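Subject: The structure I promised you

Hello,

Here is the structure I said I would pass on, with the sequence alongside it. Have a look at it first, and then read on for what I found.

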Amino acid sequence: MARQKFPMGGFGANANNMIKQAQKMQQEMLKAQEEIEQSNFEASAGGGAVSVKMTGKKELTEVIINPEACDPDDVEMLQDLVLTAVNDVIKKVDDANNAKMSSLTGGLNIPGLF
């Protein structure tokens, strides 16, 4: 039995266009990711008693502790300030990445994309 051929009509051209758009979007997303990775982020805690710097690749590059924050009788406070500052800077990197990707995907949440 011979197979019946169906005309592709506009489908072939439409599929080609969709592939080109997807490739363009992928290139834009890679460029955006590179921009984020090359950016630097900073956060502080305790009114500047502790500040940290991180790259967009989430590499911690600097931790600055104000000597006045070093109370030997309250080391736990200093530890909490460091944790807070590090967590805040990680959130800033994540927020910047999410905002950049959202602007490219039109707000679509695509799981596992970045």
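A word on terms before the turns come up: two strands count as paired if DSSP finds at least two bridges between them. Please also keep in mind that this is a predicted model.

With that in hand, start at the hairpin of β2 and β3, where four residues sit between the two strands. Lys58 is in that turn, and its phi is positive, at about 65 degrees. The strands themselves, β2 and β3 (residues 60-65), run antiparallel and are joined over five bridges. One facing pair to look for is Met54 and Leu60, the latter in β3.

On the other side of the story is β1 (residues 40-45), which pairs with β2 in the antiparallel sense over six bridges. These two strands also make a hairpin with four residues between them, and here Gly46 has the positive phi, near 65 degrees. Phe41 stands opposite Met54 in β2, and Asn40 stands opposite Thr55 in β2.

Put together, the three strands make an open sheet in the order β1-β2-β3, with antiparallel pairing. β1 and β3 are the edge strands, each pairing on one side only. From one strand to the next, the twist averages 15 degrees. As general background, strands of a sheet pair through backbone hydrogen bonds, either parallel or antiparallel.

How much of β2 is buried? Five of its six residues (50-55) are, so the strand is largely enclosed by the rest of the structure. Ser51 is a good residue to click on here, since it lies in strand β2. Its relative accessibility is 11%, and because buried means under 20%, Ser51 counts as buried. Leaving aside neighbours within four places in sequence, Ser51 is in contact with Glu42, Ala43, Ser44, Glu62, Val63 and Ile64.

Next, bring in the helix α2. It lies across β1, β2 and β3, and runs at about 145 degrees to β1. Which residues touch the most other members of the largest nonpolar core? They are Val50, Val52, Leu81, Ala85 and Val89, out of 14 residues in that core. β1, β2 and α2 (75-105) each supply at least two residues of this core, and α2 gives the most, with six. To see the helix meet the strands, try Ala85: neighbours within four places in sequence aside, Ala85 is in contact with Ala43, Ser44, Ala45, Val50 and Val52.

Now for the charged side chains. The structure holds four salt bridges, and I will take you through some of them.

- Lys100 and Glu35 meet through their side chains at 2.8 Å, N to O. Lys100 is in helix α2 and Glu35 in helix α1 (residues 11-38), so this pair ties together parts that are 65 residues apart in sequence. Both count as partly exposed: Lys100 has a relative accessibility of 29%, and Glu35 has one of 34%.

- Asp94 forms a salt bridge with Lys58, with the closest N and O atoms 2.6 Å apart. Asp94 lies in helix α2 and Lys58 in the loop between β2 and β3, so the pair ties together parts that are 36 residues apart in sequence. Asp94 is partly exposed at 29% relative accessibility, and Lys58 is partly exposed with a relative accessible area of 42%. This is the Lys58 you met in the turn, with the positive phi.

- Lys91 and Asp95 form a salt bridge whose closest N and O atoms are 2.8 Å apart. Both lie in helix α2, four residues apart, which is about one turn of the helix. Lys91 counts as partly exposed at 49% relative accessibility, and so does Asp95 at 36%.

If you would like a route through the model, begin at Lys58 in the turn between β2 and β3, follow its salt bridge to Asp94, and then go on to Ala85 with its contacts to Val50 and Val52, among others.

Enjoy exploring, and write back with any questions.

Best wishes

Terms used: Residues numbered from 1 in each chain as written. Predicted model: local features only at pLDDT ≥ 70, side-chain atom pairs only at ≥ 80, totals over all residues. Heavy atoms only, no water. Buried < 20%, exposed > 50% of the residue type's maximum accessible area, 1.4 Å probe, protein only. Contact = heavy atoms within 4.5 Å. Core = buried A, V, L, I, M, F, W, Y, C linked by side-chain atoms within 4.5 Å. Axes fitted to C-alpha atoms, helices over the stretch in contact; angles between N-to-C directions.
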